[in-house]
Amino acid sequence: MASPQVDKSIRYDRQLRLWGDHGQESLEKSHVCLINASATGTEILKNLVLPGIGAFTILDSCTVTEEDLGNNFFLERDSLGKSRAACVLTLLQELNPEVKGSAVEKNLETILLANSTFFTKFSVVIATNLGLSLLSMLAEVLWRESIPLLVAKCVGMIGYLRLVMKEHAIIESKPDNPIEDLRLDQPFPALVQYARCIDLGKLEDSEHRQVPFPLILLEYLKQWKDGHSGEIPKNYKEKKEFKTLVESGKRSVDEENFDEACKAINTSVSKYSLPSEVREILEDPACSNLQSDSTNFWVLVRALSDFVHDQGNGQLPLRGSIPDMFSSSDKYIGLQRLYQSQAKMDADVVGSHVTKLLAQLGRPENSISKTDIQHFCHNSAFLRLIRGRSLAQEYEAGTFLSDNLDLQLDNPDSIAAYYILLRAGEVFHRSCKRYPGTDPNCFEGDVINLTKISKEILSKDLSLPSAAVREDFIVEYCRSGSAELHSVAAFIGGVAGQEVIKLVTHQYVPFNNTFIYDAITSTSCTLEL
(Lines give C-alpha, C1' and ligand atoms only; values in the text may rest on other atoms or scores of the structure.)
Protein backbone atom coordinates (compact mmCIF):
# COMPACT_ATOMS: atom_id res chain seq x y z
CA MET A 1 0.00 0.00 0.00
CA ALA A 2 1.37 3.44 -1.00
CA SER A 3 2.34 5.75 1.84
CA PRO A 4 0.26 8.96 2.33
CA GLN A 5 3.26 11.04 1.20
CA VAL A 6 3.65 9.08 -2.04
CA ASP A 7 -0.10 9.22 -2.64
CA LYS A 8 -0.02 12.99 -2.11
CA SER A 9 2.85 13.50 -4.54
CA ILE A 10 0.88 11.59 -7.20
CA ARG A 11 -2.45 13.32 -6.47
CA TYR A 12 -0.98 16.82 -6.50
CA ASP A 13 1.74 16.20 -9.10
CA ARG A 14 0.87 19.06 -11.47
CA GLN A 15 0.46 21.75 -8.85
CA LEU A 16 3.62 20.71 -7.01
CA ARG A 17 5.48 21.67 -10.16
CA LEU A 18 4.04 25.16 -9.79
CA TRP A 19 4.47 25.93 -6.11
CA GLY A 20 6.60 23.06 -4.78
CA ASP A 21 6.40 21.08 -1.54
CA HIS A 22 6.75 24.20 0.61
CA GLY A 23 3.86 25.89 -1.23
CA GLN A 24 1.70 22.81 -0.77
CA GLU A 25 2.58 22.77 2.92
CA SER A 26 1.47 26.40 3.26
CA LEU A 27 -1.75 25.57 1.44
CA GLU A 28 -2.47 22.64 3.75
CA LYS A 29 -1.92 24.80 6.84
CA SER A 30 -4.41 27.45 5.73
CA HIS A 31 -8.02 27.82 6.83
CA VAL A 32 -10.42 29.74 4.61
CA CYS A 33 -13.82 31.12 5.49
CA LEU A 34 -16.56 31.51 2.86
CA ILE A 35 -19.46 33.81 3.62
CA ASN A 36 -22.54 32.73 1.64
CA ALA A 37 -22.48 29.47 -0.31
CA SER A 38 -23.75 31.09 -3.50
CA ALA A 39 -22.86 29.69 -6.91
CA THR A 40 -19.80 31.97 -7.03
CA GLY A 41 -18.72 31.18 -3.48
CA THR A 42 -19.08 27.45 -4.01
CA GLU A 43 -17.05 27.58 -7.23
CA ILE A 44 -14.28 29.43 -5.38
CA LEU A 45 -14.22 26.78 -2.66
CA LYS A 46 -14.18 24.01 -5.27
CA ASN A 47 -10.97 25.47 -6.68
CA LEU A 48 -9.42 25.44 -3.19
CA VAL A 49 -10.64 22.03 -2.05
CA LEU A 50 -9.32 20.24 -5.14
CA PRO A 51 -5.67 21.36 -4.67
CA GLY A 52 -5.83 20.46 -0.97
CA ILE A 53 -6.42 23.53 1.17
CA GLY A 54 -6.16 22.63 4.85
CA ALA A 55 -9.66 23.53 6.02
CA PHE A 56 -12.65 25.66 5.13
CA THR A 57 -15.63 27.02 7.01
CA ILE A 58 -18.90 28.03 5.36
CA LEU A 59 -20.82 30.79 7.13
CA ASP A 60 -24.34 30.93 5.72
CA SER A 61 -27.75 31.20 7.40
CA CYS A 62 -29.78 30.75 4.20
CA THR A 63 -31.79 27.73 3.11
CA VAL A 64 -31.71 26.32 -0.43
CA THR A 65 -34.13 27.97 -2.88
CA GLU A 66 -35.25 27.18 -6.43
CA GLU A 67 -32.88 29.87 -7.67
CA ASP A 68 -29.96 28.09 -5.94
CA LEU A 69 -30.87 24.82 -7.66
CA GLY A 70 -30.72 26.59 -11.02
CA ASN A 71 -27.15 27.86 -10.74
CA ASN A 72 -25.30 25.90 -8.04
CA PHE A 73 -23.93 22.53 -9.13
CA PHE A 74 -23.21 21.56 -5.51
CA LEU A 75 -26.89 21.38 -4.60
CA GLU A 76 -29.39 18.63 -5.41
CA ARG A 77 -33.14 18.65 -5.82
CA ASP A 78 -33.73 17.16 -2.36
CA SER A 79 -31.64 20.02 -0.88
CA LEU A 80 -34.58 22.39 -1.33
CA GLY A 81 -35.47 24.07 1.96
CA LYS A 82 -32.46 22.67 3.78
CA SER A 83 -29.41 24.52 5.10
CA ARG A 84 -27.40 25.75 2.11
CA ALA A 85 -24.13 25.64 4.06
CA ALA A 86 -24.63 22.02 5.16
CA CYS A 87 -25.70 20.77 1.72
CA VAL A 88 -22.79 22.42 -0.09
CA LEU A 89 -20.36 21.20 2.57
CA THR A 90 -21.31 17.54 1.97
CA LEU A 91 -20.67 17.60 -1.78
CA LEU A 92 -17.52 19.74 -1.56
CA GLN A 93 -15.91 17.28 0.85
CA GLU A 94 -16.50 14.47 -1.62
CA LEU A 95 -14.02 16.21 -3.94
CA ASN A 96 -11.14 15.78 -1.51
CA PRO A 97 -11.55 13.79 1.73
CA GLU A 98 -8.19 15.15 2.97
CA VAL A 99 -9.70 18.62 3.41
CA LYS A 100 -11.56 19.45 6.62
CA GLY A 101 -14.80 21.37 6.28
CA SER A 102 -17.39 22.83 8.63
CA ALA A 103 -20.62 24.78 8.35
CA VAL A 104 -21.81 27.60 10.59
CA GLU A 105 -25.52 28.27 10.07
CA LYS A 106 -25.56 31.73 11.58
CA ASN A 107 -26.18 35.25 10.41
CA LEU A 108 -23.04 37.29 9.62
CA GLU A 109 -24.31 40.46 11.29
CA THR A 110 -25.07 38.55 14.50
CA ILE A 111 -21.53 37.15 14.57
CA LEU A 112 -19.95 40.53 13.88
CA LEU A 113 -21.85 42.13 16.72
CA ALA A 114 -21.44 39.26 19.22
CA ASN A 115 -18.04 37.72 18.47
CA SER A 116 -15.33 39.97 17.08
CA THR A 117 -12.71 37.19 17.35
CA PHE A 118 -14.62 34.69 15.19
CA PHE A 119 -12.54 35.51 12.09
CA THR A 120 -9.07 35.60 13.68
CA LYS A 121 -8.40 31.89 12.98
CA PHE A 122 -8.78 32.27 9.22
CA SER A 123 -6.01 32.79 6.67
CA VAL A 124 -8.37 34.43 4.16
CA VAL A 125 -12.06 35.36 4.24
CA ILE A 126 -14.14 35.21 1.04
CA ALA A 127 -17.40 37.17 0.92
CA THR A 128 -19.99 36.75 -1.82
CA ASN A 129 -23.25 38.60 -2.46
CA LEU A 130 -23.02 40.91 0.54
CA GLY A 131 -24.66 44.31 0.63
CA LEU A 132 -22.37 47.29 1.09
CA SER A 133 -23.39 48.03 4.68
CA LEU A 134 -22.66 44.54 5.99
CA LEU A 135 -19.58 44.21 3.78
CA SER A 136 -18.16 47.43 5.23
CA MET A 137 -18.62 46.11 8.79
CA LEU A 138 -16.84 42.88 7.90
CA ALA A 139 -14.03 44.65 6.04
CA GLU A 140 -13.34 46.92 9.01
CA VAL A 141 -12.98 43.95 11.38
CA LEU A 142 -10.68 42.04 9.03
CA TRP A 143 -8.57 45.10 8.21
CA ARG A 144 -7.99 45.65 11.91
CA GLU A 145 -6.82 42.03 12.27
CA SER A 146 -4.73 42.14 9.04
CA ILE A 147 -6.72 39.25 7.54
CA PRO A 148 -7.11 39.38 3.75
CA LEU A 149 -10.65 39.72 2.42
CA LEU A 150 -11.68 38.68 -1.08
CA VAL A 151 -15.01 40.11 -2.20
CA ALA A 152 -16.72 38.31 -5.10
CA LYS A 153 -19.89 39.07 -6.99
CA CYS A 154 -21.51 38.03 -10.27
CA VAL A 155 -24.34 40.03 -11.84
CA GLY A 156 -25.52 38.52 -15.10
CA MET A 157 -22.55 38.53 -17.49
CA ILE A 158 -20.44 40.70 -15.17
CA GLY A 159 -17.92 39.34 -12.68
CA TYR A 160 -16.28 41.38 -9.91
CA LEU A 161 -13.49 40.72 -7.42
CA ARG A 162 -12.03 43.07 -4.83
CA LEU A 163 -8.97 42.09 -2.80
CA VAL A 164 -8.74 43.94 0.52
CA MET A 165 -5.42 43.39 2.31
CA LYS A 166 -3.33 45.66 4.48
CA GLU A 167 0.06 44.23 3.56
CA HIS A 168 1.10 41.20 1.58
CA ALA A 169 4.66 39.95 1.12
CA ILE A 170 5.56 37.78 -1.85
CA ILE A 171 8.64 35.61 -1.33
CA GLU A 172 8.50 33.95 -4.74
CA SER A 173 7.12 36.37 -7.30
CA LYS A 174 8.26 33.98 -10.07
CA PRO A 175 8.97 36.45 -12.90
CA ASP A 176 8.54 35.05 -16.40
CA ASN A 177 12.14 35.49 -17.55
CA PRO A 178 14.48 35.87 -14.57
CA ILE A 179 18.09 36.78 -15.29
CA GLU A 180 20.56 34.17 -14.08
CA ASP A 181 22.59 35.15 -11.03
CA LEU A 182 26.14 34.28 -12.15
CA ARG A 183 28.04 37.28 -10.60
CA LEU A 184 30.59 37.45 -13.42
CA ASP A 185 31.26 41.14 -12.81
CA GLN A 186 32.34 40.42 -9.21
CA PRO A 187 33.09 36.67 -9.05
CA PHE A 188 33.36 35.13 -5.59
CA PRO A 189 36.82 33.76 -4.60
CA ALA A 190 36.00 30.07 -5.10
CA LEU A 191 34.76 30.77 -8.65
CA VAL A 192 37.90 32.76 -9.48
CA GLN A 193 40.08 29.92 -8.19
CA TYR A 194 38.13 27.33 -10.18
CA ALA A 195 38.44 29.40 -13.38
CA ARG A 196 42.21 29.73 -12.91
CA CYS A 197 42.55 25.94 -13.00
CA ILE A 198 41.30 25.89 -16.60
CA ASP A 199 43.72 27.21 -19.22
CA LEU A 200 41.70 27.45 -22.43
CA GLY A 201 44.82 27.75 -24.58
CA LYS A 202 46.25 24.44 -23.40
CA LEU A 203 43.12 22.31 -23.65
CA GLU A 204 42.60 19.64 -26.27
CA ASP A 205 39.84 20.38 -28.80
CA SER A 206 37.57 17.78 -27.19
CA GLU A 207 37.98 19.49 -23.78
CA HIS A 208 37.83 23.00 -25.22
CA ARG A 209 34.28 22.50 -26.49
CA GLN A 210 33.19 21.19 -23.05
CA VAL A 211 34.11 24.25 -20.96
CA PRO A 212 30.97 25.86 -19.36
CA PHE A 213 30.20 29.27 -20.81
CA PRO A 214 30.53 31.20 -17.47
CA LEU A 215 34.18 30.09 -17.29
CA ILE A 216 34.72 31.19 -20.89
CA LEU A 217 33.28 34.62 -20.10
CA LEU A 218 35.40 34.91 -16.96
CA GLU A 219 38.58 34.18 -18.93
CA TYR A 220 37.84 36.81 -21.57
CA LEU A 221 36.58 39.31 -19.01
CA LYS A 222 40.00 39.06 -17.38
CA GLN A 223 41.63 39.89 -20.71
CA TRP A 224 39.16 42.74 -21.31
CA LYS A 225 39.71 44.26 -17.85
CA ASP A 226 43.47 44.21 -18.34
CA GLY A 227 43.04 46.59 -21.27
CA HIS A 228 40.20 48.70 -19.87
CA SER A 229 41.32 49.83 -16.42
CA GLY A 230 39.63 46.92 -14.68
CA GLU A 231 36.16 47.79 -16.06
CA ILE A 232 33.74 45.35 -17.68
CA PRO A 233 31.98 46.19 -20.99
CA LYS A 234 29.34 48.78 -20.17
CA ASN A 235 27.50 49.77 -23.35
CA TYR A 236 26.38 48.29 -26.65
CA LYS A 237 29.57 49.22 -28.48
CA GLU A 238 31.84 47.73 -25.82
CA LYS A 239 29.75 44.56 -25.55
CA LYS A 240 29.94 44.15 -29.31
CA GLU A 241 33.74 44.42 -29.11
CA PHE A 242 33.79 41.97 -26.22
CA LYS A 243 31.69 39.52 -28.23
CA THR A 244 34.24 39.70 -31.03
CA LEU A 245 36.98 38.96 -28.48
CA VAL A 246 35.09 35.89 -27.22
CA GLU A 247 34.42 34.66 -30.75
CA SER A 248 38.13 34.90 -31.53
CA GLY A 249 38.74 32.03 -29.10
CA LYS A 250 36.40 29.70 -30.94
CA ARG A 251 38.31 26.87 -32.63
CA SER A 252 35.51 25.42 -34.75
CA VAL A 253 31.95 26.23 -35.84
CA ASP A 254 30.46 23.47 -33.70
CA GLU A 255 31.65 24.79 -30.31
CA GLU A 256 28.22 25.40 -28.81
CA ASN A 257 29.67 26.51 -25.48
CA PHE A 258 31.18 29.59 -27.17
CA ASP A 259 27.83 30.29 -28.87
CA GLU A 260 26.18 30.18 -25.43
CA ALA A 261 28.84 32.53 -24.05
CA CYS A 262 28.18 35.07 -26.81
CA LYS A 263 24.41 34.89 -26.28
CA ALA A 264 24.82 35.41 -22.52
CA ILE A 265 26.92 38.58 -22.81
CA ASN A 266 23.98 41.02 -22.75
CA THR A 267 22.44 39.53 -19.58
CA SER A 268 25.38 38.04 -17.70
CA VAL A 269 28.09 40.61 -18.36
CA SER A 270 26.62 43.61 -16.57
CA LYS A 271 27.37 45.59 -13.46
CA TYR A 272 25.41 44.19 -10.51
CA SER A 273 22.58 46.31 -9.12
CA LEU A 274 19.82 45.60 -6.64
CA PRO A 275 16.39 45.12 -8.25
CA SER A 276 14.38 48.32 -7.72
CA GLU A 277 11.50 46.48 -6.00
CA VAL A 278 13.90 44.83 -3.55
CA ARG A 279 15.68 48.12 -2.87
CA GLU A 280 12.37 49.73 -1.92
CA ILE A 281 11.66 46.90 0.53
CA LEU A 282 15.12 47.20 2.11
CA GLU A 283 14.61 50.96 2.50
CA ASP A 284 11.14 50.58 4.00
CA PRO A 285 10.74 51.96 7.56
CA ALA A 286 9.33 48.58 8.64
CA CYS A 287 12.76 47.11 7.89
CA SER A 288 14.85 49.63 9.78
CA ASN A 289 12.44 49.95 12.73
CA LEU A 290 11.66 46.41 13.86
CA GLN A 291 8.99 46.19 16.55
CA SER A 292 7.91 43.42 18.92
CA ASP A 293 4.99 42.66 16.59
CA SER A 294 7.02 42.73 13.35
CA THR A 295 6.32 39.71 11.17
CA ASN A 296 8.98 37.12 10.34
CA PHE A 297 9.11 38.61 6.86
CA TRP A 298 10.41 41.93 8.18
CA VAL A 299 12.92 40.20 10.46
CA LEU A 300 14.26 38.36 7.40
CA VAL A 301 14.30 41.57 5.37
CA ARG A 302 16.28 43.36 8.09
CA ALA A 303 18.78 40.47 8.22
CA LEU A 304 19.02 40.66 4.43
CA SER A 305 19.64 44.39 4.60
CA ASP A 306 22.42 43.89 7.17
CA PHE A 307 24.02 41.30 4.88
CA VAL A 308 23.82 43.57 1.82
CA HIS A 309 25.44 46.49 3.65
CA ASP A 310 28.09 44.41 5.45
CA GLN A 311 29.27 41.09 4.04
CA GLY A 312 27.45 41.33 0.69
CA ASN A 313 29.25 44.44 -0.61
CA GLY A 314 25.95 45.81 -1.88
CA GLN A 315 24.85 42.46 -3.30
CA LEU A 316 22.09 40.03 -2.34
CA PRO A 317 22.94 36.48 -1.27
CA LEU A 318 23.91 34.32 -4.22
CA ARG A 319 20.94 32.41 -5.64
CA GLY A 320 22.99 29.23 -5.98
CA SER A 321 21.53 27.91 -9.24
CA ILE A 322 22.99 27.85 -12.74
CA PRO A 323 21.20 27.32 -16.06
CA ASP A 324 21.52 24.28 -18.27
CA MET A 325 24.51 24.64 -20.56
CA PHE A 326 26.71 22.76 -23.02
CA SER A 327 29.43 21.20 -20.87
CA SER A 328 30.99 17.96 -19.72
CA SER A 329 29.22 16.45 -16.71
CA ASP A 330 32.17 16.80 -14.35
CA LYS A 331 32.75 20.48 -15.15
CA TYR A 332 29.05 21.32 -14.92
CA ILE A 333 28.65 19.52 -11.60
CA GLY A 334 31.83 21.14 -10.28
CA LEU A 335 30.55 24.59 -11.25
CA GLN A 336 27.11 23.86 -9.82
CA ARG A 337 28.58 22.79 -6.48
CA LEU A 338 30.61 26.01 -6.31
CA TYR A 339 27.51 28.15 -6.69
CA GLN A 340 25.52 26.03 -4.24
CA SER A 341 28.31 26.16 -1.68
CA GLN A 342 28.63 29.95 -1.91
CA ALA A 343 24.85 30.34 -1.68
CA LYS A 344 24.82 28.23 1.49
CA MET A 345 27.62 30.35 2.99
CA ASP A 346 25.68 33.54 2.22
CA ALA A 347 22.50 32.08 3.73
CA ASP A 348 24.42 31.08 6.87
CA VAL A 349 25.61 34.67 7.27
CA VAL A 350 22.05 35.95 6.86
CA GLY A 351 21.02 33.31 9.40
CA SER A 352 23.47 34.70 11.94
CA HIS A 353 21.89 38.14 11.49
CA VAL A 354 18.45 36.58 11.98
CA THR A 355 19.58 34.94 15.23
CA LYS A 356 20.81 38.28 16.61
CA LEU A 357 17.61 40.08 15.63
CA LEU A 358 15.39 37.42 17.18
CA ALA A 359 17.37 37.67 20.41
CA GLN A 360 16.92 41.46 20.43
CA LEU A 361 13.16 41.02 19.93
CA GLY A 362 12.98 38.40 22.68
CA ARG A 363 11.84 35.64 20.36
CA PRO A 364 13.04 32.02 20.35
CA GLU A 365 15.85 31.24 17.91
CA ASN A 366 13.80 28.54 16.17
CA SER A 367 10.89 30.87 15.38
CA ILE A 368 12.42 31.21 11.90
CA SER A 369 13.79 27.91 10.62
CA LYS A 370 17.03 27.43 8.75
CA THR A 371 15.04 26.12 5.80
CA ASP A 372 12.96 29.32 5.72
CA ILE A 373 16.13 31.43 5.76
CA GLN A 374 17.68 29.47 2.90
CA HIS A 375 14.45 29.68 0.92
CA PHE A 376 14.23 33.43 1.55
CA CYS A 377 17.83 34.00 0.46
CA HIS A 378 17.39 31.91 -2.68
CA ASN A 379 14.43 34.10 -3.71
CA SER A 380 15.68 37.43 -2.35
CA ALA A 381 15.96 38.95 -5.83
CA PHE A 382 12.26 38.27 -6.42
CA LEU A 383 10.76 39.76 -3.25
CA ARG A 384 7.69 41.90 -3.75
CA LEU A 385 5.48 43.84 -1.32
CA ILE A 386 1.91 45.01 -1.79
CA ARG A 387 0.32 47.51 0.56
CA GLY A 388 -3.37 47.54 -0.18
CA ARG A 389 -6.18 50.00 0.39
CA SER A 390 -9.12 49.44 2.70
CA LEU A 391 -12.71 49.36 1.53
CA ALA A 392 -13.33 52.50 3.60
CA GLN A 393 -10.64 54.35 1.62
CA GLU A 394 -12.28 53.28 -1.61
CA TYR A 395 -15.72 54.55 -0.61
CA GLU A 396 -14.59 57.84 0.91
CA ALA A 397 -14.59 60.62 -1.67
CA GLY A 398 -11.41 62.22 -0.37
CA THR A 399 -9.32 59.05 -0.49
CA PHE A 400 -10.62 57.37 -3.67
CA LEU A 401 -7.92 56.82 -6.33
CA SER A 402 -9.72 58.29 -9.33
CA ASP A 403 -6.80 58.62 -11.76
CA ASN A 404 -6.70 54.94 -12.72
CA LEU A 405 -10.45 54.77 -13.28
CA ASP A 406 -10.52 58.11 -15.12
CA LEU A 407 -7.90 56.81 -17.54
CA GLN A 408 -9.95 53.68 -18.20
CA LEU A 409 -13.20 55.62 -18.68
CA ASP A 410 -11.58 57.80 -21.35
CA ASN A 411 -12.26 54.78 -23.53
CA PRO A 412 -16.08 54.52 -23.88
CA ASP A 413 -15.77 50.79 -24.57
CA SER A 414 -13.87 50.09 -21.33
CA ILE A 415 -15.56 47.51 -19.11
CA ALA A 416 -14.32 49.53 -16.11
CA ALA A 417 -17.70 51.26 -16.45
CA TYR A 418 -19.26 48.17 -14.85
CA TYR A 419 -17.53 49.15 -11.60
CA ILE A 420 -19.65 52.32 -11.56
CA LEU A 421 -22.77 50.26 -12.21
CA LEU A 422 -21.97 47.82 -9.41
CA ARG A 423 -21.70 50.75 -7.00
CA ALA A 424 -24.86 52.30 -8.43
CA GLY A 425 -26.68 48.99 -7.99
CA GLU A 426 -25.94 49.07 -4.25
CA VAL A 427 -27.27 52.64 -3.97
CA PHE A 428 -30.36 51.57 -5.90
CA HIS A 429 -30.87 48.62 -3.56
CA ARG A 430 -30.55 50.82 -0.50
CA SER A 431 -33.40 53.07 -1.65
CA CYS A 432 -35.65 50.57 -3.46
CA LYS A 433 -34.97 47.43 -1.34
CA ARG A 434 -34.31 45.47 -4.54
CA TYR A 435 -31.69 45.37 -7.30
CA PRO A 436 -32.20 46.94 -10.77
CA GLY A 437 -34.08 44.76 -13.23
CA THR A 438 -35.55 42.37 -10.68
CA ASP A 439 -39.07 43.67 -11.36
CA PRO A 440 -39.92 43.24 -15.09
CA ASN A 441 -42.68 45.84 -14.83
CA CYS A 442 -40.20 48.56 -13.82
CA PHE A 443 -37.42 47.86 -16.32
CA GLU A 444 -37.45 51.22 -18.16
CA GLY A 445 -37.73 53.13 -14.90
CA ASP A 446 -34.83 51.14 -13.46
CA VAL A 447 -32.64 52.09 -16.44
CA ILE A 448 -33.47 55.78 -15.97
CA ASN A 449 -32.93 55.60 -12.21
CA LEU A 450 -29.62 53.72 -12.55
CA THR A 451 -28.41 56.23 -15.15
CA LYS A 452 -29.10 59.07 -12.73
CA ILE A 453 -27.38 57.31 -9.82
CA SER A 454 -24.33 56.52 -12.00
CA LYS A 455 -23.94 60.19 -12.95
CA GLU A 456 -24.17 61.23 -9.29
CA ILE A 457 -21.51 58.70 -8.26
CA LEU A 458 -19.16 59.89 -11.02
CA SER A 459 -19.58 63.57 -10.27
CA LYS A 460 -20.02 63.68 -6.48
CA ASP A 461 -18.34 60.56 -5.05
CA LEU A 462 -15.51 60.05 -7.55
CA SER A 463 -15.01 63.65 -8.76
CA LEU A 464 -15.20 62.56 -12.41
CA PRO A 465 -17.94 64.85 -13.77
CA SER A 466 -16.84 64.49 -17.41
CA ALA A 467 -16.97 60.67 -17.39
CA ALA A 468 -20.05 58.75 -18.46
CA VAL A 469 -21.36 55.19 -18.68
CA ARG A 470 -22.70 53.99 -21.99
CA GLU A 471 -26.44 53.37 -22.12
CA ASP A 472 -26.06 49.82 -23.47
CA PHE A 473 -23.92 48.96 -20.43
CA ILE A 474 -26.70 50.20 -18.15
CA VAL A 475 -29.35 48.29 -20.09
CA GLU A 476 -27.27 45.11 -19.91
CA TYR A 477 -26.81 45.49 -16.16
CA CYS A 478 -30.56 45.92 -15.63
CA ARG A 479 -31.39 43.11 -18.07
CA SER A 480 -29.49 40.65 -15.86
CA GLY A 481 -31.95 41.21 -13.02
CA SER A 482 -29.06 40.60 -10.60
CA ALA A 483 -29.07 36.93 -11.65
CA GLU A 484 -26.03 34.82 -10.86
CA LEU A 485 -25.16 32.74 -13.94
CA HIS A 486 -23.21 29.54 -13.34
CA SER A 487 -20.85 29.98 -16.31
CA VAL A 488 -19.75 33.40 -15.04
CA ALA A 489 -19.59 32.14 -11.46
CA ALA A 490 -17.34 29.28 -12.60
CA PHE A 491 -14.92 31.67 -14.31
CA ILE A 492 -14.79 34.05 -11.34
CA GLY A 493 -14.41 31.02 -9.05
CA GLY A 494 -11.31 29.97 -10.97
CA VAL A 495 -9.75 33.44 -10.84
CA ALA A 496 -10.59 33.91 -7.16
CA GLY A 497 -9.29 30.46 -6.21
CA GLN A 498 -6.01 31.28 -7.91
CA GLU A 499 -5.70 34.56 -6.01
CA VAL A 500 -6.36 32.88 -2.65
CA ILE A 501 -3.62 30.33 -3.37
CA LYS A 502 -1.24 33.21 -4.14
CA LEU A 503 -2.08 34.76 -0.78
CA VAL A 504 -1.59 31.68 1.37
CA THR A 505 1.56 30.41 -0.40
CA HIS A 506 3.16 33.88 -0.79
CA GLN A 507 3.98 32.88 -4.33
CA TYR A 508 3.15 34.80 -7.52
CA VAL A 509 1.82 38.37 -7.42
CA PRO A 510 -1.92 38.82 -6.76
CA PHE A 511 -3.87 41.57 -8.50
CA ASN A 512 -4.16 44.90 -6.73
CA ASN A 513 -6.97 45.47 -6.04
CA THR A 514 -10.07 45.27 -8.29
CA PHE A 515 -10.84 42.81 -11.10
CA ILE A 516 -13.73 43.23 -13.57
CA TYR A 517 -14.80 40.54 -16.04
CA ASP A 518 -17.20 40.89 -18.97
CA ALA A 519 -18.42 37.50 -20.21
CA ILE A 520 -20.03 39.06 -23.30
CA THR A 521 -16.70 40.17 -24.77
CA SER A 522 -14.54 37.73 -22.75
CA THR A 523 -12.39 40.62 -21.55
CA SER A 524 -11.18 41.70 -18.13
CA CYS A 525 -9.40 44.61 -16.50
CA THR A 526 -7.75 45.37 -13.18
CA LEU A 527 -8.00 48.66 -11.32
CA GLU A 528 -6.26 50.03 -8.24
CA LEU A 529 -8.95 51.94 -6.38
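The following exercises, each with a worked solution, concern a predicted model of a protein.

**Exercise 1. Overall description**

Determine how many helices and strands the protein has, and describe its extent and surface.

*Solution.* Begin with the secondary structure: the protein has 24 helices and 10 strands. Next, consider the C-alpha trace, which spans about 90 × 60 × 45 Å along the principal axes. Of the 529 residues, 50% are buried. The protein exposes about 25400 Å², and carbon and sulfur atoms supply 50% of this area. Finally, consider the contacts with a separation of 6 or more: residues 24 or more positions apart account for 70% of them.

**Exercise 2. Charged side chains**

State how many positive and negative side chains the protein has, and how far apart the centres of the two sets lie.

*Solution.* There are 54 positive and 71 negative side chains. The centres of these two sets are 3 Å apart.

**Exercise 3. The span of helix 21**

Test whether the distance between the end C-alpha atoms of helix 21 agrees with the expected span.

*Solution.* Helix 21 covers residues 417–432, which makes 16 residues. The expected span is 1.5 Å times one less than the number of residues. For helix 21 this gives 22 Å. The end C-alpha atoms are 22 Å apart, so the two values agree. As for its surroundings, the buried residues of helix 21 include Tyr-418, Tyr-419, Arg-423, Glu-426 and Phe-428. Just after the helix, Lys-433 takes a positive phi of about 60°.

**Exercise 4. Cysteines**

Establish how many disulfides the structure holds, and examine Cys-377 and Cys-525.

*Solution.* A disulfide requires two cysteine sulfur atoms within 2.5 Å. The structure holds 0 disulfides. For Cys-377, the nearest cysteine sulfur is that of Cys-287, 14 Å away. For Cys-525, the nearest is that of Cys-154, at 15 Å. Buried means under 20% relative accessible area. Cys-377, at 2%, is therefore buried, and Cys-525, at 10%, also counts as buried.

**Exercise 5. Backbone geometry in the loops**

Identify where Asn-513, Ser-463 and Ser-482 are found, and describe the backbone at each.

*Solution.* Most residues other than glycine have a negative phi, and most peptide bonds are trans. A cis peptide bond, with omega of about 5°, joins Asn-512 and Asn-513. Asn-513 lies in the loop between helix 24 (486–505) and strand 9 (514–518). Ser-463 has a positive phi of about 55° and belongs to the loop between helix 22 (443–461) and helix 23 (471–479). Ser-482 has a phi near 60° and is found in the loop between helix 23 and helix 24. With 23% relative accessibility, Ser-482 counts as partly exposed.

Methods:
Residues numbered from 1 in each chain as written. Predicted model: local features only at pLDDT ≥ 70, side-chain atom pairs only at ≥ 80, totals over all residues. Heavy atoms only, no water. Helix = DSSP H or I, 4+ residues; strand = E, 2+ residues; numbered from the N terminus. Buried < 20%, exposed > 50% of the residue type's maximum accessible area, 1.4 Å probe, protein only. Contact = heavy atoms within 4.5 Å. Areas by Shrake-Rupley, 256 points an atom, 1.4 Å probe, with all protein chains shown as cover. Lys, Arg positive; Asp, Glu negative; His and termini not counted. Charge placed at Lys NZ, Arg CZ, Asp CG, Glu CD.
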